[in-house]
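Q: Hey, can you walk me through this model? I'm new to this, so plain words please.
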Amino acid sequence: MKIVIAPDSYKGSLSALQVADVIARAFTDVWKDAGRNGTEAGELDLVKAPMADGGEGTVDSLVAATGGRRVAITVSGPLGKPVEAFYGVLADGETAVLEVANICGLPMLAKHERDPEQTTSAGLGEAIRTVLDAGYRKLIVGLGGSACNDGGLGMLQALGGIFLDTTGRPVSPTGKGVTQVSTVRMDSVDKRLAECDIRIASDVDNPLCGPEGASFVFGPQKGASEEQMRRLDAALAEYAKRVEAACGRSSADESYAARPGAGAAGGLGFALQVLGGKMESGARLVADAIGLEKSLVDADWLVTGEGRTDGQTVRGKLPVFVARLARTYGVPAVLVSGGVGDGWERLQQEFISIHAITPGPISLEEAMMHAGEYLYRTAWSIARLIQAGASR
């Protein structure tokens with residue numbers, strides 16, 4: 001019985017590797033019990049393939065898969081204060097991997113600190129400048145899990161862009177700063193970026209603005225009120241026009257703001273495309289690096305997971321990506337989630353079964369504190385069902 005375990009992280013609680021380890025331990029224990037009880041279940045072959053889709057764990061997944069290394073850096077965090085972060089260098093010695101999640105990520109903030117008008121992407125710009133200084137010109141930037149909604153304003157400012165208000169003063173590198181932008185100059189942006197190959201790892205296809213844009217879809221989880229969502233959405237639309245005009249694009253050109261993925265990470269998808277970056281499926285990028293498809297060729301089951309499952313998951317998030325990949329090889333998929341919310345029914349055609357690990361109504365804090373224990377219990381039950389089916 002070959003089981004491929006390819007989960008995302010349970011953000012803020014368990015890394016993808018930890019999730020895979022817990023699920024693997026549960027399956028191993030069930031198979032041991034079956035053997036002791038004289039039940040015939042066949043040999044168990046577990047393949048752990050911790051995944052990422054551009055969010056938390058992207059650097060570690062790619063570094064581990066290629067035999068690369070981590071490099072520690074200090075940059076501005078989501079509130080502009082210095083934080084310890086890191087980037088990865090792949091084994092080719094030429095490619096640097098950065099992820100928003102460890103620079104200006106949402107889990108870096110306490111719940112009362114979440115305010116998209118006060119958060120910034122400046123740290124990502126500082127990190128990019130650092131890797132440019134180190135000589136890297138091939139960049140992979142993972143966009144999942146951001147705390148900001150500034151359209152990449154902070155990042156662009158850190159890279160040399162000039163953004164002024166109506167009085168000619170620089171605006172703050174925050175979501176609030178976006179609402180104050182009157183003049184934009186992009187000719188001062190770091191010239192080394194023109195030499196770069198920038199791959200943007202994200203599985204979000206939302207545009208920058210509108211009802212499916214960054215502010216309305218992702219703003220609430222970043223602390224945005226209804227009024228803030230409307231204000232930021234309108235401001236980002238004007239900001240995008242000014243940025244594109246400053247780059248020499250006319251109204252007849254395709255708008256970067258309307259491109260799929262422009263709304264990723266609070267608009268960093270937009271800003272990085274302005275800089276010449278190309279959007280890629282983060283899950284596909286990681287899957288290729290770790291050889292996931294090869295592992296699925298002769299697999300019997302796929303077990304995947306994520307921190308929270310809801311209607312957004314079906315829009316190409318990691319569990320759906322790996323489940324569809326598994327289906328091409330006739331491998332059924334099971335989803336084990338930290339929690340299940342509205343819209344989960346849309347996923348029924350993707351998975352044989354969908355499981356929430358929480359035992360009942362509990363607080364988020366408690367769920368995160370005991371995530372490993374709850375995950376083990378759920379994975380144990382799933383393993384029992386699969387083992388029972390295999391022994392018939």
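A: Sure, starting with a term we'll need: a residue is buried under 20% relative accessible area, exposed over 50%, and partly exposed in between. Also keep in mind that this is a predicted model.

Q: Okay, so is Lys138 buried, exposed or partly exposed?
A: Lys138 counts as partly exposed, because its relative accessibility is 37%.

Q: Which residue does Lys138 form a salt bridge with?
A: That's Glu94, and the closest N and O atoms are 3.1 Å apart. Glu94 sits in the loop between β4 and β5 while Lys138 is in strand β6, so the pair ties together parts 44 residues apart in sequence. Glu94 is partly exposed too, at 42% relative accessibility.

Q: How many salt bridges does the structure hold?
A: There are 20. One of them joins the side chains of Lys48 and Asp21, at 2.6 Å from N to O. Lys48 belongs to strand β2 and Asp21 to helix α1, so parts 27 residues apart in sequence get tied together.

Q: Any bigger groups?
A: Glu117, Glu227 and Arg231 are linked in a network of salt bridges.

Q: And what about Arg324, which residue is its salt-bridge partner?
A: Glu350, with the closest N and O atoms 2.8 Å apart. Arg324 is in helix α12, and Glu350 is in the loop between β12 and β13, 26 residues apart. Arg324 is partly exposed at 37%, whereas Glu350 is buried at 6%.

Q: Switching topic: how many disulfides are there?
A: The count comes to 0.

Q: Why is there no bond between Cys148 and Cys104?
A: Their sulfurs are 4.2 Å apart, which is too far, because a disulfide needs the two sulfur atoms within 2.5 Å. For Cys196, the closest cysteine sulfur is in Cys247, 16 Å away, so that's too far for a bond as well.

Q: Got it. What's the strand order in the open sheet of 6 strands?
A: The order is β3-β4-β5-β6-β9-β10, with mixed pairing. β3 and β10 stand at the edges with a single partner strand each, so one side of each has no neighbour in the sheet. On average, neighbouring strands are turned by 30° against each other, ignoring direction.

Q: In what sense do β9 and β10 pair?
A: Parallel, over 3 bridges. Ala201, for example, has Glu280 in β10 as its bridge partner.

Q: Which strands does helix α4 touch?
A: It packs on the sheet, touching β3, β4, β5 and β6, and its direction makes about 130° with that of β3.

Methods. Residues numbered from 1 in each chain as written. Predicted model: local features only at pLDDT ≥ 70, side-chain atom pairs only at ≥ 80, totals over all residues. Heavy atoms only, no water. Pairing = 2+ DSSP bridges. Helix = DSSP H or I, 4+ residues; strand = E, 2+ residues; numbered from the N terminus. Axes fitted to C-alpha atoms, helices over the stretch in contact; angles between N-to-C directions. Contact = heavy atoms within 4.5 Å. Salt bridge = Lys/Arg side-chain N within 4 Å of Asp/Glu carboxyl O. Buried < 20%, exposed > 50% of the residue type's maximum accessible area, 1.4 Å probe, protein only.
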